[in-house]
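Open the model in your viewer and get ready to make a few selections. We will stop at enclosed spaces, open pockets and some strands along the way.

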Amino acid sequence: MEFYPQYPQREKMNLAGAWDFAFRPDEKDPANPDFGNLEFTEAMPVPGVFDVFPDRAGQRGTAFYRKNVTLDFDGKVFLKLGGIGLWAAIFWDRKPVGTIDLPYSGVDFTFDGGGKGKHELLIVIDNRLDFQRTPLFSPNYDFYGHGGIYREVELFSLPVNAIDRVFVSTVCHETGKVKIRVSAEAQGLEYAFDNGEFQPAPGNEFEVSVPDFRLWSPESPQLHTITVRNGGDCIIEEFGIRTVTAGNGKLYLNGQAIRLRGFCRHEAHPQFGPALPLHIVMEDIKWLKDLGCNFVRGTHYPQDQRFLALCDRAGLLVWEETLGWGDGLERLITPHFQDAQVRQLPWMVKNSYNHPSVIMWGFLNEGFSSVAETEPLYKKLITTLKELDPSRPVTYASNKNEGDIMFKYADIVSMNSYPGWYSRDRDKFRPLDEIAKRFNDFIAFMKANGLSDKPYIISEVGAGAIYGWRDRFAAHWSEEYQRDYLAEVCRYFSETPEITGVALWHFADCRTYSTGHALARPRAFNNKGIMDEYRRPKLAYDAVKECFQKF
Ligand code: ADA
């Protein structure tokens, strides 16, 4: 299998491997580091995070990753980073190339390579939790903010008439008509589908029917390719033909109402942090398919492109969202934070536009959506997403319940809720009866407030269980309570057609705060996974599987 986009005429280097490494816990200004006594005495894997290694576990500070690169081309260099955390400054031959303050976002840089021969690429990473440097990560986020180069680093030669990307969206799923947008000059462009004959392109934006088209769907995830060239450059993109629309309280895929059953999933593993080896990414997809899922919510940040490409092939439907977690009023009204929120959007849309698996965009998980002061930001994020991509519905996961005042702007109403876990009545033993009541009340609220035309997704619901903790009382934290809890959620969902989808919280346990914030998080992990962090199924696994497979 191949990953896309591909640039067959460019020189390409994948820089994965062991990089030279140095660490300083208190570098004053990592954007202008003191190179004076910089000595590389260690090595670190790229992709990888340094703060999972035994001698660096939990450390925060400035890390220097160095790779010596030999170019065999002149001219410009195109550097692609799949995602870093929490902050980075890039230097080429010790000259600044740029900085990244958007953790997890795939970004790219173009700069002069300085000619053939030896060069030094230095990536300075900082994982300190500092609002000024990293406005998009806060100490109260309920997943660990690791330091390192999370995803691939690739370097390309850049031709003069470069074609950056080709964006393909479906105009009509009945005729296979697609809209093509090429980010290059229109002159001399040619295109071909599926390795067929090249045709002259009528411009850099046009509509055309794909010959012998095959629809993409979860049951039959069929893909096409388009190759575009202009004499100077050539690009191959993969795409799928499918439409997604929201209306009448339902979500339609290729014109057919669809219900979503799946999980929220973090890109996390105790040994690799978010820098998941392909092996684990592929294994996770097999688990999701085994569970009978057709849906995964990529919480809480832009996803690894390899994961999305694999979802394209597996027929999994994905909610992709930008980074944000429970941000309160103060953060949401701060221009520095707002600016970073908005800057994430074009990168996410550019990187993921052609994945048919991605069926909706999200942002600001559990943001402060219940007060008028944050309304301008919600409106700005939704309108920007709509401008960047009118072909996908937009949503955000709220925990403000009936107090949320932004639902009217979203295409899909999504609510995170944990009735019967974070129970209102602490004295009640196994309060499973709260589940149906909570969601039924919300359906009634939607009806009463003119929101019933929008599909409703339970974007999180779940209960914690410590792997291996079996208890005849079936009390909170036992595998039994989680099993009974999720079985009840699934039963209720399967019998309630007013609810379009459910994303159970969550796929696998993941490391979270290692501070006092962890008091409600035994082991300093979020233990609501139906598998533990090593993907060992808990009792709930088979209960959910039994229900999901009946759909
Ligand atoms: C929230 C949040 C999740 C997780 C969950 C929980 O809904 O969106 O990331 O923290 O709560 O486990 O309580």
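Let's begin inside: the count comes to three cavities of 30 Å³ or more. Keep in mind throughout that this is a predicted model.

**Stop 1: the largest cavity**

Select H146, E267, A268, C510 and R511, which lie nearest the centre of the largest cavity. The space here is about 120 Å³, and 17 residues line it. Colour that lining by class and you should find nine nonpolar, four polar and four charged residues.

**Stop 2: the largest pocket**

Now move on to a space that is open. The largest pocket holds about 890 Å³. To centre your view, select E152, E154, D304, Q305 and R306, the closest to its centre among the 49 residues of the lining.

Which elements supply at least two residues each to this lining? Show the strands β1 (12-14), β4 (48-49), β6 (76-81), β10 (107-112), β13 (153-158) and β20 (234-239), then add the helices α2 (305-314) and α4 (335-352). Of the contributors to this lining, α2 gives the most, with four residues. By class, the lining of the largest pocket divides into 23 nonpolar, twelve polar and 14 charged residues.

**Stop 3: the second largest pocket**

Next, select N416, S417, Y418, P419 and Y422. These are the closest to the centre of the second largest pocket, which is lined by 24 residues. Its volume is about 510 Å³. Highlight helix α6 (residues 434-448) as well: α6 gives the most to this lining, with four residues. Colouring by class here shows five nonpolar, nine polar and ten charged residues.

**Stop 4: a sheet of three strands**

Return to β4, which you have already met at the lining of the largest pocket. β4 also belongs to an open sheet of three strands, in the order β4-β12-β7, with antiparallel pairing. Which strands are at the edges? They are β4 and β7 (84-85), each pairing on one side only.

Zoom in on β7 and strand β12 (residues 148-149), which run antiparallel and are joined by two bridges. Select I84, and you will see it standing opposite I149 in β12.

**Stop 5: a strand with two faces**

Select strand β18 (residues 205-209) and show its side chains. Which of them are buried? F206 and V208 are, and they point to one face, while E205, E207 and S209 point to the other and are not buried.

Now add strand β15 (residues 177-182): five bridges join β15 to β18, and the two strands run antiparallel. One pair to pick out is I180 and its bridge partner in β18, F206.

**Stop 6: Y191 and its surroundings**

For the last selection, pick Y191, in strand β16 (residues 190-193). Is Y191 buried or exposed? Its relative accessible area is 9%, so Y191 is buried, the cut-off for that word being under 20%.

Show what Y191 touches, leaving aside residues up to four places away in sequence: E197, F198, Q199, P200, A201, P202, F206, V208, I226, T227 and V228. Two of these names are familiar from the previous stop, as F206 and V208 are the buried side chains of β18.

Finally, select R229. Although Y191 and R229 are 38 residues apart along the chain, their C-alpha atoms are separated by 6.5 Å.

Technical notes
Residues numbered from 1 in each chain as written. Predicted model: local features only at pLDDT ≥ 70, side-chain atom pairs only at ≥ 80, totals over all residues. Heavy atoms only, no water. 1 Å grid on protein atoms, 1.4 Å probe; cavity = no way out; pocket = protein on both sides within 12 Å on 5 of 7 lines; lining within 4 Å. Points joined across faces, edges and corners; volume = space filled by probe spheres on them. Nonpolar A, V, L, I, M, F, W, Y, C, P; charged D, E, K, R; others polar. Pairing = 2+ DSSP bridges. Buried < 20%, exposed > 50% of the residue type's maximum accessible area, 1.4 Å probe, protein only. Contact = heavy atoms within 4.5 Å.
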